[in-house]
Amino acid sequence: MQLGMIGLGKMGANMVRRLLRNGHECVVFDRNPDSVHALEKEGATGASSLEDLAVKLAQPRAVWIMVPAGEATEQTVTALADLFTTGDTIIDGGNSYFKDDVRRSQTLAANGIHYVDVGTSGGLWGLERGYCLMLGGPRDTVERLYPIFRALAPGRGDIPATPERQGMTGTAEEGYLYCGPSGAGHFVKMIHNGIEYGIMQAYAEGFEILTEAGGKQLPEAQRYDLNVADIAELWRRGSVVGSWLLDLAAMALAEDPKLDRYSGFVEDSGEGRWAIQAAIDEAVSTDVLAAALFRRFRSRKEHTFAEKTLSAMRQKFGGHLEQPAKG
């Protein structure tokens, strides 16, 4: 199947590579020509502009936008709307606000252009592990694009089936899922990221308690000089708190036990705030998710081991290394 990809950054380029490996044809564009040329060498068709990309795609066209959410996405959608015709599809795979998806889909539908929102999780590791995809938009349009989503998703792999789901049909076990009409994909991803904040914060605080266990503020008989890197590795094996985020934390601690290369500054990309707003709109109590978001705000003023742990995990799965430690 043919797909256009706009935005060849950390995730976009690897998504193209995964699609090429699975026999799909990709036409690619990025404002950095070097990024386009690199993928041309790997089998993609390069485009010099959005206009050139639109010409090189066969109708009905499908283009995946993988640029920073916000103004960059809005401008790209608007530009494509002027180039596309009835039956073409625009896919937003970034972290857009779901209410923007609803608005865009309605505007594009007036001209017969389909709009699909895809919450995409996988970070830097998606090329090999695959991407977890949360899909929103017109069901028939989404289902027509299933070959693309199937190639990008992890597949069943070696993850055991949930016993209660034995014999059930669907795509969730494959790593992609139609969640509902326009905005539903990004809504589910928004909550996914809010949960991610909470899990990361729990690990970070727990590891800080472990590092402070030898402090002089404690009675001498209750002080412990603990090897946090070993404990993280231990918990990966059979513990109920095991997860991929713990795997990443263990990796970071093995490389740098004191996390000296991390400043502790932790950015938030918007989804956590939107998740809390959704909770307010629905009158749902989200104490943990709200506290985790506020802790990220505080991390920009002072940096503890907990915040260094957060930034280490974030760097490992997404390549984010905000304001590296000095010295």
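This is a short dialogue between a trainee and a mentor about reading a predicted model.

Trainee: Let's begin with the sheet. How many strands does the open sheet have, and in what order?

Mentor: Happy to start there! To read a sheet, follow the strands from one side to the other. Here the open sheet has eight strands, in the order β3-β2-β1-β4-β5-β6-β7-β8, and the pairing is mixed. At the edges sit β3 (45-46) and β8 (176-180), each of which pairs on one side only.

Trainee: In which sense do β5 and β6 pair?

Mentor: Look at the bridges. Strand β5 (residues 89-92) pairs with strand β6 (residues 114-121) in the parallel sense, over four bridges. You can find individual partners too: Ile90 has Tyr115 of β6 as its bridge partner, while Ile91 stands opposite Val116.

Trainee: And which way do β1 and β2 run?

Mentor: Strand β1 (residues 2-6) and β2 run parallel, joined by five bridges. For one facing pair, try Gly4, which stands opposite Val27 in β2.

Trainee: Why is β6 described as largely enclosed?

Mentor: Good question! Count how many of its residues are buried, meaning under 20% relative accessible area. In β6, seven of the eight residues are buried, so the strand is largely enclosed by the rest of the structure. Strand β2 (residues 25-29) is mostly covered, with four of its five residues buried.

Trainee: Which strands does helix α9 touch?

Mentor: Helix α9 (residues 184-211) packs on the sheet and touches β5, β6, β7 (132-136) and β8. The direction of α9 makes about 20° with that of β6.

Trainee: Phe187 lies in helix α9. Why does Phe187 count as partly exposed?

Mentor: Partly exposed is the class between buried, under 20%, and exposed, over 50%. Phe187 has 24% relative accessibility, so it counts as partly exposed. Leaving out residues up to four places away in sequence, Phe187 touches Phe98, Ala278 and Glu282. Also, the C-alpha atoms of Phe187 and Gly119 are separated by 8.0 Å, though these residues are 68 residues apart along the chain.

Trainee: Now for empty space. What lines the second largest pocket?

Mentor: The general idea is that rolling a probe the size of a water molecule over the atoms shows where empty space is left. In this model, the second largest pocket holds about 180 Å³ of space. Its lining includes Thr211, Glu212, Asn227, Lys258 and Phe305. Sorted by class, the lining has five nonpolar, two polar and two charged residues.

Technical notes. Residues numbered from 1 in each chain as written. Predicted model: local features only at pLDDT ≥ 70, side-chain atom pairs only at ≥ 80, totals over all residues. Heavy atoms only, no water. 1 Å grid on protein atoms, 1.4 Å probe; cavity = no way out; pocket = protein on both sides within 12 Å on 5 of 7 lines; lining within 4 Å. Points joined across faces, edges and corners; volume = space filled by probe spheres on them. Nonpolar A, V, L, I, M, F, W, Y, C, P; charged D, E, K, R; others polar. Pairing = 2+ DSSP bridges. Helix = DSSP H or I, 4+ residues; strand = E, 2+ residues; numbered from the N terminus. Contact = heavy atoms within 4.5 Å. Axes fitted to C-alpha atoms, helices over the stretch in contact; angles between N-to-C directions. Buried < 20%, exposed > 50% of the residue type's maximum accessible area, 1.4 Å probe, protein only.
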